[in-house]
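Got the viewer open? Let's take a walk through this one, picking a few selections as we go.

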Amino acid sequence: MILLDDVTLTYPDGDARVTAVDHVTLEGRPGVVTGITGPSGSGKSSLLALAATLIRPDSGRVIVDGVDATGLDAAGRTGLRRERIGIVFQQPQLLPSLTAREQLRVMAELGGRGLRERRAAVRGRVDELLDAVGLGDHADRRPAQLSGGQRQRVAIARALVHEPRVLVVDEPTSALDSARGAEIMALISRLTHERDTATLLVTHDLVHAGALDETVEVVDGRASRVAAV
Amino acid sequence: MYVAWRDLRFARGRFALIGAVVALITLLVGFLSGLTGGLAAQNVSAVLALPADRLVLHPVGDAAATFADSTIDQSTVDAWRSAPGVDAVTPVGIAQTRAEGPGASTAVALFGLDAGTSFPAPRRDDEIDLSAGASKDLGAVVGDSVTIAGSAYRVAAIGGDEWYSHTPVVTLTATAWAALDERLGGTGQPTVLAVSGSPAWDTVAADTGTAASTPLSSLTALSTFRSEIGSLALMIAMLFGVSALVVGAFFTVWTMQRSADIAVLKALGASTPALVLDALGQATVVLVLGVGVGIGLTALLGALAGGALPFVLSPLTTLAPAAVMIVLGLLGAAVSLRTVTSSDPLTALGSTR
């Protein structure tokens, strides 16, 4: 699970500071897709960056699978992401030189300790995950040979191949048409439930709200409403 | 190296291009090194072959000692011979003139020293030993007569490949050399002492007003060697600099192009050491392949040109510059690591690449 406990984040803006996240407490539970919605500039992406440990809050705590990420330095947070967090970006962000299979395998080649064990574990799951996202027969294709939806599926498989406890997803349908968007949302929902992952998903598009188990609405940096869908 | 290998395969055109540039610079450096070695050998191989731990020269006035100006009188020879710790002192006369053989006339270096050392020398005053180069240029073989400054000498032996100041070496006895030197306008006194042993070199040199240095260090007393090798070494050094700059510029641009990928990898959990290793490993592969091809071409062209040019193909003229090229190239590539270490994984979030 993931817990954002009373977190606040401010950005410098000239001589002043702008509050992007204002004392937000948010919990992502295993097997649950928690949608984070809200208008542009409301602080959704900042909240997601905090959850992904890409940035440290000014105050409050971010607990990932029992580990307080706020007490870790940059290398420690990088290790935490490598082992316990999966990230799906707004754009697939695949590496152009790697095939779909290699995009997943690279997750075992990111350095740190336990490289050999991680390599064996990841390699054993690559084909299963590519099958799970419906791309088993596209494993040897590079990003340029895949459609937008297929690229996003590879990105989802990449985010899950190291079996993270937390999945952080940023606007996964923003570059897709509604049919493909619905497919991607359904896929994230299915994999979250199957793998018991705590998923936080930022979206401004409630067309696909059916794929969310619960939603948190963020307005002006504050989580103003929590509702079961 | 996981991503590095796949980038090399994926962007093979770009890497082949920079590899070719590295190979061409290596070829240029290797060829210049071989040529420098060859020219150096033609300049000083006879000096380096002298049987000595130290070569003793006599400076003229306040100027540094040179082979061209040095003359050593008998009292200086005796002083060195009587110095404690000295095992052997061989006076050596050096002069340059023209010689006429049965086949041709050519400029030669006359070395005068008595037989009995490792340096080839005749036993009779009317005989000479020819180096292989002198034999070839004069068209003379053992038993032939060679005329130097009006005197005829019988070729007693043909020896090694000694050269001095780009002229092949002809060796006479010390007595014959002294007489010949006087006829050529010299003093007839030896130019240099080849001294073996372990005396207090600086003390004896100071007492006798001479300069004692190792054969290698004494080469700076040859003005032609200093200027010639200095120019070539400067060219080689500049090529090393160009190589480091070119490789550094390539990998800096390449890494900047990949900065978004690097941010993504960091966001996914890639450690900075792993990314640095990846980048340096990639540069090493390009450099080793490029330098390898360049050195291979150097060896091939050097072997072909060896007959027409003074060219030395040895580890010093091939492997040493290759190693320097790789080290300097890696230093150049290391400049690009700043992009890797300073990349912010936060930029991966929200990027619309």
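Start with the largest nonpolar core of this predicted model. That core has 105 residues, and to find where its contacts are richest, select A:Leu48, A:Leu50, A:Ala51, A:Ile156, A:Val168 and A:Ile188, the residues with the most contacts inside it. Now colour helix H9 of chain B, residues 272-305: the largest share of this core, eight residues, comes from there.

Next, zoom in on A:Ile188. Leaving aside residues up to four places away in sequence, which residues does A:Ile188 touch? You should find A:Val33, A:Ile156, A:Val169, A:Pro172, A:Thr199, A:Leu201 and A:Ala211.

Then hop over to a second, separate core, which has 63 residues. Pick B:Leu57, B:Ala121, B:Ala176 and B:Ala205, which are among its members.

Now for the contact between the chains: 26 residues come from chain A and 24 from chain B. On the chain B side, show helix H1 (2-10), helix H8 (259-268) and H9, each of which supplies at least two residues. H8(B) gives the largest share of that side, six residues. Colour the chain B side by class and you get 14 nonpolar, five polar and five charged residues.

Last stop: helix H10 of chain B, residues 319-334. Try the distance tool on its end C-alpha atoms: they are 22 Å apart, which agrees with the 22 Å that 16 residues should span at 1.5 Å a residue. Which residues of H10(B) are buried? Select B:Pro321, B:Ala322, B:Met325, B:Ile326, B:Leu328, B:Gly329, B:Gly332 and B:Ala333. To see what the buried residues of H10(B) pack against, switch on H2 (12-48), H7 (223-257) and H9 of chain B.

Notes:
Residues numbered from 1 in each chain as written. Chains lettered and ligands numbered in written order. Predicted model: local features only at pLDDT ≥ 70, side-chain atom pairs only at ≥ 80, totals over all residues. Core = buried A, V, L, I, M, F, W, Y, C linked by C-beta atoms within 7 Å. Buried ≥ 20, exposed ≤ 12 C-beta atoms within 10 Å, placed from the backbone. Helix = DSSP H or I, 4+ residues; strand = E, 2+ residues; numbered from the N terminus. Contact = placed C-beta atoms within 7 Å. Nonpolar A, V, L, I, M, F, W, Y, C, P; charged D, E, K, R; others polar. Expected span 1.5 Å × (residues − 1).
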